[in-house]
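The exercises below ask for a reading of helix packing, burial and chain contact. Each task is followed by a worked solution.

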Amino acid sequence: MASGLGRYLALRAVNSVIVIIAVVLLTLIMFGPLVDQQLKAQIEMEVRQQILKGGAFGKYKTPEEAKRAMQKAIEERIKALGLDKPWYIRIWGDLWRTLTFDLGTSWVIKSDSGSSKVVNILLERIPRTVLLFGTSTIILLVLQLLLGAKAAATPGSLFDRVVVLSGLLGYAFATWWVGMVLLYLFAYLIPIFPAGGMVSVPPPQEPLRYALDLAWHMFLPVLTILIVALGGWAYVTRNLMIGILTEDYITTSRAKGVPERKVIYYHALKMAAPPILTQVTLAIASIFTGGLLTEIVFSWPGMGLLYWDAILSLDIPVIMGDVYFTTILIVLANLTADLLYGIVDPRIRLGAGGATL
Amino acid sequence: MKFAARIRDFWNEFKHRKIGILGLGILVVIVSISVLAPVIAPMDPTRWSDVNYWTNNPKGVPPTWAYYLQGKVPIPQLYLENYKTKLTKISGYPMIQVFLPINYSYTEFPTMVKWKINLTFVGAGAFYEIYIMRPDRKKITLYTGTATTSNASQGWTVIEIDATRHPDVERRIGEWLSSVGLDINKIQVAAPIQIAFADLKLLKKNKVVPLKGKYVFTVRAIAQGKNINVTQFRVILGATAYGLLGTDKSGRDLFKGLVWGTPIALLIGVLTSVLGVAIGLLYGVTSGYIGGWSDEAMMRVVDILMSLPKLPILIVLAIAYRPTIWLIILFLTIFGWMGIARVSRSIALQLKESAFVEAARAIGASRKRIILVHIIPNIVPYTVAALALGIPDAILTEAALSFLGLGDPSLPTWGAILNQAQTGGALGSGMWWWFIPPGLAIAVVSMAFVFIGYAVDEIVNPRLRRR
């Protein structure tokens, strides 16, 4: 049984590595020409400044001579950087550098501490996104289990119908737009929440106050994610639970006199856990992307807002770094769900494991 | 005939499902809106992002009905064109004065003041001044300028200025205010030009209220030569409300944007979903029917594609290609077929062993024929729900991309309008009519397909049926 889990996790890990490499290769192929262009323009500017230092043609007598020297210097620099080689040869070096977190320097955006290193910019942003997204996911998981189980216990009731309907509606609304509406209502129309950001300016010094301030800023973005995603998740749990509640052993438990609460929230929920986790795996990526866009609406200074800033200023290295780390985070989240899945369902075998659709 | 009977059976089941009928009803409405868009909201949709196309509209004003709801009557858009001309001479030079009177009886300020003057002259150059005569007999110079000509004989100039927030106009109004002992920086108005319409007595008490009465917009021009003429003088005073859904900060009619966004969203959703289902169906059935090693390999590919982060990759593709709507549909399709492929494969695996496929194989039907004639038609019903549910997914993803400013820039998509609302600070300035309707539209269209998909799913997958 242990080997089954090991094999399963190993296969998922291989899959994750392939995904990461594929995404990085794709960004490199797509942005390669743009980056080259920028790099060459930068080299030309630097060389020009160097050569023309002092006097109209620098230390050269004629403009032609200066031009020739410049051309030569540019070619040398390009050769030194390996830019003269075709892209399909260079890309492997770039791939290795990206995978080892050597993401180069940004064109425009700087980190809060003033660094232009893309890694530093992202290292600042990642914890903020993880905080927002992690908090939402945990609340989401707990609430959806409770709501889904309760709806499944009384199918057809008003409560159940509300869960089903909100599940359906959840598929129809854009998370970030719901964020815009909530922000408008509760930060501008009735100003009880901040209009954006992660902490007040200046941030409170005392740790407890800081935490409260953070929670106050997090409330609306987390609520936004919950409103849109909760119905859908609860709906999935409800469907799985309804299936399980018709099984014979549940009837047996009830006949034995096990309290209904315990039947639903313990026996049935335990059986429903593996398929619920499968669904969670599928849903995590979607609420993560929804969360990234929600960050933009609430000016939450995480990876989502970084996409927005980088797109506005066309800062390609930052976009590449952001894509790389987003992929890693999604892959890690999925691997965690896979691991949990393997633990709660020891029968797991690849192929027979995943529920379809 | 058999097919028609199946459809009839299906409809008999479907019509008893309230939620499905509701979805179908919404769908009928949005398809009608799409078809009737040129009638309901006549516009060339490709000129949506052309700012000049909207230049004469009031900027950032609410819908007319919202104004009436507050119990107020909006100021209409005023086009003043019937001017009177007076020709005189001043120290030997020809001088023209052109008057455009307006009886201003509104309780609110115009949201925009724009003028267009066509000045022609014979001579080396001309000087002109644009001023306003107020009901209290005060004169405010708003703008001055000179026109020159290279050939020193004949010249013309068109003075077309949006004076609402024009720095020169603001400076002139500031000068006038200080001449009456007031400071422009201490007065709270939406636009500097509105001070020209303010009641001076109340202004001194810090109240900004329009002064009712007769205003005369005047152009005075003197030619350094023989002749001068004004062939056009038009002033536009911006309305305080506009149409059914107001305007955005560039004056775009948001109702038109909303209406034209409907066919675009439908096109994106339906085309992406249909393509995705078709590809997924073929891929899944092929994989399942062939089986063995290639099935394993094909499903690994699906696994990997399913784990790709959709939005980041779409961002990369959109930045690299600056796509048109067709390319966006193609990109969305790449991510939209794997779910169907999995389902189709698992059904194909079952059907492969079924008696009728065995029989077909026994009488020597080719593999291609078995897949196309015997397997695919039996999977199609199962894909209808997925087809419907794929549509909102595509619409929402495209909206997300457009919200990031990476959609087709020439078209009025709902996501693009929301992007402009976000960058234009619609929330902060309380312009709810800018960002509420497009998001609702996305939700309503998506809802229609979600409801239909849900109802269809219940019919074709009876094991999923819930009470």
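**Exercise 1.** Determine which residues bring α6(A) and α7(A) together, and describe the geometry of the pair.

Solution. From α6(A), the contact takes A:Thr175, A:Val178, A:Gly179, A:Leu182, A:Leu183 and A:Phe186; from α7(A), it takes A:Leu220, A:Pro221, A:Leu223, A:Thr224, A:Ile225, A:Ile227 and A:Val228. Sorted by class, these residues are 10 nonpolar, three polar and no charged. The model is a predicted one.

Next, the geometry. Helix α6 of chain A covers residues 175-189 and helix α7 of chain A covers residues 207-245; their axes are 9 Å apart and the packing angle is about 135°. Angles over 145 degrees count as roughly antiparallel and those from 65 to 115 as roughly perpendicular. The angle therefore makes α6(A) oblique to α7(A). The hand of the crossing is right.

**Exercise 2.** Describe the overall build of chain A, starting from its secondary structure.

Solution. Count the elements: chain A has 11 helices and zero strands. Read from the N terminus, the order is α-α-α-α-α-α-α-α-α-α-α.

Then turn to dimensions. Along the principal axes, the C-alpha atoms of chain A occupy a box of roughly 105 × 55 × 40 Å. The radius of gyration of chain A is 27 Å, whereas a compact globule of 357 residues would have one near 21 Å.

Finally, look at burial and contacts. Buried residues make up 37% of the 357 residues of chain A. Among contacts in chain A with a separation of 6 or more, 71% join residues 24 or more positions apart.

**Exercise 3.** Classify the packing of α6(B) against α9(B), and list the residues that meet.

Solution. Begin with the axes. Helix α6 of chain B (residues 254-290) and helix α9 of chain B (residues 325-334) have axes that come within 9 Å and cross at roughly 40°. The limit for roughly parallel is under 35 degrees, and α6(B) and α9(B) are therefore oblique to each other. The crossing of α6(B) past α9(B) is right-handed.

Now the residues. α6(B) supplies B:Ile264, B:Ile268, B:Leu271, B:Thr272, B:Leu275 and B:Gly276, which meet B:Ile325, B:Ile328, B:Ile329, B:Leu332 and B:Thr333 of α9(B). The class division in this contact is eight nonpolar, three polar and no charged.

**Exercise 4.** Repeat the analysis for α13(B) and α14(B): how are they oriented to each other?

Solution. Helix α13 of chain B spans residues 414-423, and its axis comes within 9 Å of that of α14(B), with a crossing of roughly 155°. An angle over 145 degrees counts as roughly antiparallel, so α13(B) and α14(B) are roughly antiparallel to each other. α13(B) passes α14(B) in a left-handed crossing.

On the side of α13(B), the contact uses B:Trp414, B:Ile417, B:Leu418 and B:Ala421; on the side of α14(B), it uses B:Trp434, B:Phe435, B:Pro438, B:Gly439, B:Ala441 and B:Ile442. Nine of these residues are nonpolar, one is polar and none is charged.

**Exercise 5.** Is B:Val169 buried or exposed, and is B:Asn12 buried or exposed?

Solution. Take B:Val169, which lies in helix α4 (residues 167-179) of chain B. The cut-off for buried is 20 or more other C-beta atoms within 10 Å. B:Val169 has 23, so B:Val169 is buried. Apart from neighbours within four places in sequence, B:Val169 contacts B:Leu142, B:Tyr143, B:Ala163, B:Pro192 and B:Ile193.

B:Asn12 belongs to helix α1 (residues 2-14) of chain B. A residue is exposed at 12 or fewer such atoms. B:Asn12 has 10 other C-beta atoms within 10 Å, so B:Asn12 is exposed. The C-alpha atom of B:Asn12 is separated by 50 Å from that of B:Gly424, 412 residues apart along the chain.

**Exercise 6.** How many residues does each chain give to the contact between chain A and chain B, and which element of chain B gives the most?

Solution. Chain B gives 43 residues and chain A gives 42 residues. On the side of chain B, the elements that give two or more residues are α7 (292-307), α8 (310-321), α10 (338-352), α12 (367-403) and α14 (432-460). The most come from α14(B), with 11 residues. By class, the side of chain B that touches chain A holds 30 nonpolar, eight polar and five charged residues.

Technical notes. Residues numbered from 1 in each chain as written. Chains lettered and ligands numbered in written order. Predicted model: local features only at pLDDT ≥ 70, side-chain atom pairs only at ≥ 80, totals over all residues. Contact = placed C-beta atoms within 7 Å. Helix = DSSP H or I, 4+ residues; strand = E, 2+ residues; numbered from the N terminus. Nonpolar A, V, L, I, M, F, W, Y, C, P; charged D, E, K, R; others polar. Rg over C-alpha atoms; globule rule 2.2 N^0.38 Å. Axes fitted to C-alpha atoms, helices over the stretch in contact; angles between N-to-C directions. Left-handed = near helix turned anticlockwise from the far one by under 90°.
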